[in-house]
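Colleague: I have a chain open and would like to go through it with you. Can you put it up so we can start?

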Amino acid sequence: TGQLSGNPSVVKSATTYTVTASNVSGRATRQFRLTVNPATPAFVLSRSSHNAAAGFASGFTVVSTGGHISRFSITPRVPSGMVFNSRTGTLSGKPRFVQSATTYTVTGVGLGGSSTQQFELTVNVRAPGFSLSRYSQTVVKGSAAGFTVKSTGGLITSFSISPAAPT
């Protein structure tokens with residue numbers, strides 16, 4: 001049929017091929033030039049946004065969906081307490097400080113070019129949480145009563161009790 005078709009599986013610099021058609025009356029030639037470039041890098045992030053609490057794990061992983069990626073970068077700089085791996089494209093760690101919604105651009109670079117994805121991170125104050133050393137107590141008038149508090153959540157800035165405790 002004189003047709004060339006297929007999906008090249010190797011990268012190849014520009015190569016000129018000579019195609020010849022023949023019959024009893026002679027022959028004709030034409031040249032065909034083929035270059036096979038590396039596939040453009042492509043990837044997706046395991047999530048595109050996260051509302052995190054300061055001091056608790058956040059981040060994303062990368063799943064490659066296209067050409068080979070040799071390195072990753074991220075802008076702007078990641079929050080304190082978090083680490084970006086330029087080899088795998090993974091962001092992990094525990095953001096240390098509150099920050100408003102910030103959009104990060106992750107770029108994957110390979111021989112076939114580059115590709116980008118975005119990730120939005122908001123870091124909030126963790127809600128307070130606490131436990132009591134006891135949840136019930138019965139005492140005789142004039143005896144000591146009370147409990148201690150153990151924080152199990154975000155920073156507690158004040159306490160109150162209702163109704164007022166007996167004096």
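Colleague: Which residue does R71 stand opposite in β10?

Modeller: R71 stands opposite V109. Bear in mind that this is a predicted model.

Colleague: How many bridges join β7 to β10, and do they run parallel or antiparallel?

Modeller: Five bridges join β7 to β10, and the two strands run antiparallel.

Colleague: Staying with β7, which side chains are buried and which are not?

Modeller: Strand β7 covers residues 71-75, and its side chains alternate. F72 and I74 point to one face and are buried. R71, S73 and T75 point to the other face and are not buried. In a regular strand the side chains alternate between the two faces of the sheet.

Colleague: What about the peptide bond from T75 to P76, cis or trans?

Modeller: The bond from T75 to P76 is cis, with omega near -10°. P76 lies in the loop between β7 and β8, and β8 is residues 82-84.

Colleague: Where is the cis bond that involves P163?

Modeller: A cis peptide bond joins S162 and P163, with omega about -10°. P163 sits in the segment after β13.

Colleague: Back to the strands. Where is T103 found?

Modeller: T103 is in strand β10, which covers residues 99-110.

Colleague: And what is T103 in contact with, leaving aside its neighbours within four places in sequence?

Modeller: With that restriction, T103 is in contact with T75, P76, Q118, F119 and E120. So T103 touches P76, the proline of the cis bond from T75.

Colleague: Why does T103 count as partly exposed?

Modeller: Its relative accessibility is 38%, and partly exposed means between 20% and 50%, so T103 falls in that class.

Colleague: How far apart are T103 and G81 in space?

Modeller: They are 17 Å apart, C-alpha to C-alpha, and 22 residues apart in sequence.

Colleague: Change of topic. What joins β1 to β2?

Modeller: A hairpin joins them, through two residues. Strand β1 is residues 12-23 and strand β2 is residues 26-36. They pair in the antiparallel sense over 10 bridges. As one example, T18 has Q31 in β2 as its bridge partner.

Colleague: Now the surface. Which residues form the nonpolar patch?

Modeller: The patch is formed by F130, F147, V149, F159 and I161. Together they have about 520 Å² of accessible area.

Colleague: Is I161 buried or exposed, and where is it found?

Modeller: I161 has 54% relative accessibility, so it counts as exposed. I161 is found in the segment after β13, and β13 itself is residues 149-151.

Colleague: Zooming out, how many helices and strands does the chain have?

Modeller: The secondary structure comes to zero helices and 13 strands. The radius of gyration is 32 Å, well over the 15 Å that the globule rule gives for 167 residues, so the chain is more spread out than a compact globule.

Colleague: What does the C-alpha trace span along its principal axes?

Modeller: About 125 × 30 × 20 Å.

Colleague: What share of the residues is buried?

Modeller: Buried residues make up 22% of the 167. The chain exposes about 12,100 Å², and carbon and sulfur atoms supply 53% of that area.

Colleague: Last one: of the contacts with a separation of 6 or more, what share comes from residues 24 or more positions apart?

Modeller: Those residues account for 52% of them.

Note on methods
Residues are numbered from 1 along each chain as its sequence is written. This is a predicted model: local features need pLDDT of at least 70, side-chain atom pairs count only at pLDDT 80 or more; totals for chains, interfaces and linings use all residues. Side-chain values use heavy atoms; hydrogens and water are left out. Helices (H or I, at least four residues) and strands (E, at least two) are DSSP runs, numbered from the N terminus. The radius of gyration is taken over C-alpha atoms; the globule rule is 2.2 Å times the number of residues to the power 0.38. Buried means under 20% relative accessible area, exposed over 50%, partly exposed in between (1.4 Å probe, protein chains only). Contact means heavy atoms within 4.5 Å. Accessible areas come from the Shrake-Rupley method with a 1.4 Å probe; for residues, only the protein chains shown count as cover. Two strands pair if DSSP finds at least two bridges between them. Patches are made of residues with over 30% relative accessible area and no salt bridge: like charges are joined within 9 Å, nonpolar side chains (Val, Leu, Ile, Met, Phe, Trp, Tyr) within 5 Å. A salt bridge is a side-chain nitrogen of Lys or Arg within 4 Å of a carboxyl oxygen of Asp or Glu.
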